[in-house]
Amino acid sequence: NDDDSAMGNNAYARGVVPAGMYTVFVDSFSASNFRLNVSTFTPAANATCGSATALMTGMARMGSTANGGSNTQGCRVDGSGGQVFYSYTVPANSRVNFATPRTGMQNVAVRLLDSCTATACLDSAQTTGGTMTVNQTYSNPTGMPRTVIVSVASTSQTADATFTITPTVMMLAPNANCATPTMVALGGTQMGNTPGAGGAAA
């Protein structure tokens, strides 16, 4: 991490690494003084994507970014604090909404990922002073279940955040996918509604 990306004058890095001896490199564009602070922590159970906590449909899960892992997804740089991960398997032909309200004063950045190896996000958003809940939607119009990853990070390098995350699911309409449109006869009238409409999908 560096201090040249609108992060102030402090460079910051954190990570979940095996026990061992490590080397930290510090450099600058010109001669300067610095102070290096190093501390350790016991990682949260879901501090890495590979150990993501599974979410259950309709059940709110309380969470905290305390002891979260490093921020490696580059789609939202303001989620710079500790990051924790959740997984959810979206049923076939269904749409899921993840509601993630913060439960304290500290804002959170929420990222929706296609997989742990994704280099880009399906969606990302954050709470603010006026927006206390992030809602993100993902549609799975295929005939097979699909697992997605949700990461939650504090927007502060020094303050942890608390939150809840709840997935809710509804079935997609038969014509929610462009590949399966409803046929309308010439001169005919077709009644419809959007609750089962499709959303962003990869």
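**Exercise 1. Find what arginine 146 pairs with, and work out what that pairing links.**

Start with the residue itself: arginine 146 has a relative accessible area of 25% and is therefore partly exposed, a class that lies between buried (under 20% relative accessible area) and exposed (over 50%), computed with a 1.4 Å probe and protein chains only. Before going on, keep in mind that this is a predicted model, in which local features need pLDDT of at least 70, side-chain atom pairs count only at pLDDT 80 or more, and totals for chains, interfaces and linings use all residues. Residues are numbered from 1 along each chain as its sequence is written, and side-chain values use heavy atoms, leaving out hydrogens and water.

Next, look for a partner. The side chain of arginine 146 meets that of aspartate 114 in a salt bridge, at 2.9 Å from N to O; the rule asks for a side-chain nitrogen of Lys or Arg within 4 Å of a carboxyl oxygen of Asp or Glu. Because aspartate 114 belongs to the loop between β5 and β6 while arginine 146 sits in strand β8, the pair ties together parts 32 residues apart in sequence. Aspartate 114 is partly exposed too, at 26% relative accessibility. By this rule the count is one salt bridge.

**Exercise 2. Lay out the five-stranded sheet and say how its strands pair.**

Begin with the order: the open sheet runs β1-β3-β8-β5-β6, with mixed pairing. Strands here are DSSP runs (E, at least two residues; helices are H or I, at least four), numbered from the N terminus, and two strands pair if DSSP finds at least two bridges between them. The edges are β1 (53-54) and β6 (123-126), each pairing on one side only.

Now walk inward from β1:

- β1 and β3 run parallel and are joined by two bridges; threonine 53 stands opposite tyrosine 86 in β3.
- β3 and β8 run antiparallel, with eight bridges; tyrosine 88 has valine 148 in β8 as its bridge partner.
- β8 (residues 146-154) and β5 (residues 108-113) pair in the antiparallel sense over six bridges; leucine 112 is partnered by valine 150 in β8.

**Exercise 3. Decide whether strand β3 is enclosed or open, and place it in the nonpolar interior.**

First, check burial: seven of the eight residues of β3 (residues 83-90) are buried, so the strand is largely enclosed by the rest of the structure.

Then turn to the cores, each a set of buried Ala, Val, Leu, Ile, Met, Phe, Trp, Tyr and Cys residues joined through side-chain atoms within 4.5 Å. The largest has 18 residues, of which Tyr86, Phe98, Val152 and Phe163 touch the most other members. Two or more residues come from each of β3, β4 (94-101), β5, β7 (133-140), β8 and β9 (162-171). With four residues, β3 gives the most to this core. A second, separate core of five residues includes Cys49, Leu113, Cys121 and Ile149.

**Exercise 4. Describe the surroundings of threonine 57.**

Locate the residue: threonine 57 is in the loop between β1 and β2 (61-64). With a relative accessible area of 47%, threonine 57 is partly exposed.

Finally, list the neighbours. Leaving aside residues up to four places away in sequence, threonine 57 touches Tyr88, Pro167 and Val169, where contact means heavy atoms within 4.5 Å. The C-alpha atoms of threonine 57 and valine 96 are separated by 8.9 Å, and the two residues are 39 residues apart along the chain.
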